[in-house]
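These are my notebook entries on a structure that I examined residue by residue and then element by element. The sequence and the model come before the entries.

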2 protein chains.
Amino acid sequence: MGRWEPNARGRLEEAAMNLFQERGYDRTTVEEIAARAGLTERTFFRYFADKKEVLFGGAGELRRLITSTITDAPEETSPLEAVAAALDATAPVFKERRDYARARQGLIVAHAELRERELIKLADLASAAADALRGRGVTEPAASLTAEAGIAVFKVAFERWVEDPKSQDLSQHLRSTLDELRAVTASTGTANPPQPVKRAKAPRR
Amino acid sequence: MGRWEPNARGRLEEAAMNLFQERGYDRTTVEEIAARAGLTERTFFRYFADKKEVLFGGAGELRRLITSTITDAPEETSPLEAVAAALDATAPVFKERRDYARARQGLIVAHAELRERELIKLADLASAAADALRGRGVTEPAASLTAEAGIAVFKVAFERWVEDPKSQDLSQHLRSTLDELRAVTASTGTANPPQPVKRAKAPRR
């Protein structure tokens, strides 16, 4: 281990984004990112496995937040409500970072290798959420489906938040996207409308 | 272009799966796959971009089936019903291929690079389904959400079908998984239960 550098992770993330914006993602090297942050390449690799990863540094924190929020939700909370609370718990992480998130989203959309990494990170979050639901006693396939549906909501809401000219916060986008998911799944002409297996009591407010 | 080989694609897929089973995915080369199929490496690369791709040869067909089924669904069909019909239209592709699908699933679970490719293919299907829904006049975020939810249903149902000891067919798994999605999204204690924006008339049966 080298000497400890104050906020090395944040400095590397900021340096990387600035360089990606200035000269493009493909034309930026890890060496240049480290130099711009006033750090060594070796320090870069202590924090990030590769150049791509510098854009996904927050994934571990998101995973922990989602897992712990689902695990700690009150017993009577339905699986989808637990997942909704978990997504909402991530909103403060992004607050004040909308410009960064928008720049990052632009890079992801433009580079296939970053899109792949993003899909893997989202699949990891879905898998972690499903694990946490099973830990609450939710059976399959409900656990996996609820987790996947939750991550679909997150993905769509996040894209809308990043592009929102009115700058509504991420929490509002998550809520309205979840309501939209409920509407699209309820809006069917099925001959056998499904009955909810168990309806949690409405919490008193 | 070389000379036309009868069912070269199918022969390459079969040879690849046999070799992957015999000696493992990592230890099988494209050269060996081509030789086993009685074809040249050059012919392999006419059909598949790389070794991974030989396991994803059906993706284009799935995409076309999903897109055309959504596009051709009767006007009164709700977005989720159109996606459900599209998923159901893929079931015959897999019929008689459960053993192959199970072997393939085992490989995907065991190899990170195959999981990545699988995630990309599923994201492509979701994106194609969302495009087809927008072509029917479905607005955002409903189009993206319905497509993502549909692909989540497909993913979960497919995994259950592959592992099902009772060998129920994929259509049945798709239907029961979709019902489960409706149940988990309906089962909430929200203070403001969402109203379906538009309920399609139940078709006469």
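Entry 1. I began with the contacts of B:R63 in this predicted model. Leaving aside residues up to four places away in sequence, I found that B:R63 touches B:D124, B:L125 and B:A128. I then looked up its place in the fold: B:R63 belongs to helix 4 of chain B, which covers residues 59–72.

Entry 2. I asked whether B:R63 is buried or exposed. There are 18 other C-beta atoms within 10 Å, so B:R63 is partly exposed; a buried residue would need 20 or more. I also looked up B:R97, which is 34 residues from B:R63 in sequence. From C-alpha to C-alpha, B:R63 and B:R97 are 18 Å apart.

Entry 3. I turned to the pair of helices numbered 7, residues 112–135 in chain A and in chain B. Their axes are 9 Å apart, and the packing angle is about 95°. Helix 7 of chain A is therefore roughly perpendicular to helix 7 of chain B, since angles of 65 to 115 degrees fall in that class. Chain A contributes A:E116, A:L119, A:I120 and A:A123 to the contact, and chain B contributes B:E116, B:L119, B:I120 and B:A123. By class, I noted six nonpolar and two charged residues, with no polar ones.

Entry 4. I closed with the domains of chain A, which are domain 1 (8–54) and domain 2 (56–184). Their C-alpha centres lie 26 Å apart. Ten residues of domain 1 and nine residues of domain 2 make the contact. On the domain 1 side, I recorded five nonpolar, one polar and four charged residues.

Conventions. Residues are numbered from 1 along each chain as its sequence is written. Chains are lettered from A and ligands numbered from 1 in the order in which they are written. This is a predicted model: local features need pLDDT of at least 70, side-chain atom pairs count only at pLDDT 80 or more; totals for chains, interfaces and linings use all residues. Helices (H or I, at least four residues) and strands (E, at least two) are DSSP runs, numbered from the N terminus. A residue is buried if 20 or more other C-beta atoms lie within 10 Å of its own, exposed if 12 or fewer, and partly exposed in between; C-beta atoms are placed from the backbone. Two residues are in contact if their C-beta atoms, placed from the backbone, lie within 7 Å. Domain bounds come from an automatic or database domain assignment. Ala, Val, Leu, Ile, Met, Phe, Trp, Tyr, Cys and Pro count as nonpolar, Asp, Glu, Lys and Arg as charged, and the others, Gly among them, as polar. Axes are lines fitted to C-alpha atoms, for helices over the stretch in contact, and angles run from 0 to 180 degrees between N-to-C directions. Angles under 35 degrees count as roughly parallel, over 145 as roughly antiparallel, 65 to 115 as roughly perpendicular and the rest as oblique.
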